[in-house]
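Dear colleague,

Please find the structure below, handed over for your consideration. A summary of what was found in it follows.

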Amino acid sequence: MNSNLSSQQVKDIGEQGLLERLQRFCPPEIIGDDAAVLEIAPEQSLVVTTDVLVEGVHFSNLTTSPEDAGWRAAAANLSDLAAMGAFPLGITVGLGLPGEVRVSWVERLYQGMTECLQKYNTLIVGGDIVRSPVTTVAITAFGQVNPNRIIRRSAAVVGDAIVVTGVHGASRAGLELLLHPELGQSLKDAERTALIHAHQRPQPRLDVLPILWKILIPNSQLSFAGMDSSDGLADAIIQICRASGVGAVLERRQIPVPKTFNHWLPQEQALEYALYGGEDFELVLCLPQELASALVQHLGEGAAIVGKITAGSTVLFHDQQKKFPDQVLSLSQGFQHFGQ
């Protein structure tokens, strides 16, 4: 890249100049008007979700390249769609930028978003740019879902098994390795790279949906609960229980964590990462036991039944071998915006 172009700042080319640069990331037949028009198939519901990412809170130049920040921003929204059972149609991007930000940084951010979206045939269909004292990325994603296949948090019932679609704690471990390179001396290079990749390039689990519908075809009228684990596994289960008016028992020894944790992290720290680390972007689903077992079998390694839905409102962390006392899980133990 020409050094003069790479050092250009947003204030040097202005809003319209930056918009011209970014329009190449969008289909020309969609952008240019006051709003995007997306075709929706018959008997489909439109699903809309928005995530806001702020520099210093959600991403940092210390741990995240512009491409990775873009990927993570797109993946977070696609994960929200997957959590609703929806397939993506497109996204819009709102940018708040200081004038001193380099144009090349913004283009690389969009490149990362595009790399993630291309895997799911999803387009950037518009957005907005404003001046801001801090870099902010606000993405709105649009998806479609058959109304009979919408996944909601409020549909869990007593007796349901709780399924996770993959391991937890990898993203948090990757972040710690980026912040503290001296950690994990016992890890092989490939293991370290895999954990860092889990943090920088999380994979939204849209791939789970076709498998889920295949298993549920004989039970097409069945409603079930679910959400993603972007804010941590404990948060997801607590949120589902609150919305459904139920409780849960989560089994300590059934929580799937990366195998590399076994020769690196103490068990309690591994479980802390899994429960509260966040940004794993797996799905957490509450299903009848038979269907839960079938789903885990189809998904393979990493997927697991981690507990069950119970009466009441308490979410317990339980050890079947009784080596550890039961622990009541709460939202206050994980990250909360504006927490004290």
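**Salt bridges and a surface patch**

Arg 24 and Glu 107 form a salt bridge, in which the closest N and O atoms are 3.4 Å apart. Arg 24 belongs to the loop between α2 and β1, whereas Glu 107 sits in helix α4 (residues 103–118), so this pair ties together parts that are 83 residues apart in sequence. Please note that the model is a predicted one.

The two partners differ in their exposure. Arg 24 has a relative accessible area of 57% and is therefore classed as exposed, the cut-off being over 50%. Glu 107, with a relative accessible area of 13%, is buried, because it falls under the 20% limit. The pair is also part of a wider arrangement: Arg 21, Arg 24 and Glu 107 are linked in a network of salt bridges. In the structure as a whole there are 13 salt bridges. As general background, side chains of opposite charge can pair when their charged atoms come close.

A further salt bridge joins the side chains of Arg 253 and Asp 319, at 2.8 Å from N to O. Arg 253 is found in the loop between β7 (247–251) and α9 (267–276), and Asp 319 in the loop between β10 (315–318) and β11 (327–328), so the pair ties together parts that are 66 residues apart in sequence. Arg 253 is partly exposed, its relative accessible area being 38%. Asp 319 is buried, with a relative accessible area of 1%.

The loop between β7 and α9 also holds Lys 259. The side chain of Lys 259 meets that of Glu 301 in a salt bridge of 3.0 Å, N to O. Glu 301 lies in the loop between α10 (289–299) and β9 (304–310), so this pair ties together parts that are 42 residues apart in sequence. Lys 259 counts as exposed at 60% relative accessibility, and Glu 301 likewise counts as exposed at 69%.

Finally, I turn to the nonpolar surface. Which residues form a nonpolar patch there? The patch consists of Ile 40, Leu 46 and Val 48, which together have about 240 Å² of accessible area. Ile 40 is located in the loop between α2 (10–22) and β1 (45–54). With a relative accessible area of 32%, Ile 40 is partly exposed; this value qualifies the residue for a patch on accessibility, because the requirement there is over 30%.

Yours sincerely

Definitions and conventions:
Residues numbered from 1 in each chain as written. Predicted model: local features only at pLDDT ≥ 70, side-chain atom pairs only at ≥ 80, totals over all residues. Heavy atoms only, no water. Patch = residues over 30% accessible without salt bridge, like charges linked within 9 Å, V, L, I, M, F, W, Y side chains within 5 Å. Areas by Shrake-Rupley, 256 points an atom, 1.4 Å probe, with all protein chains shown as cover. Salt bridge = Lys/Arg side-chain N within 4 Å of Asp/Glu carboxyl O. Helix = DSSP H or I, 4+ residues; strand = E, 2+ residues; numbered from the N terminus. Buried < 20%, exposed > 50% of the residue type's maximum accessible area, 1.4 Å probe, protein only.
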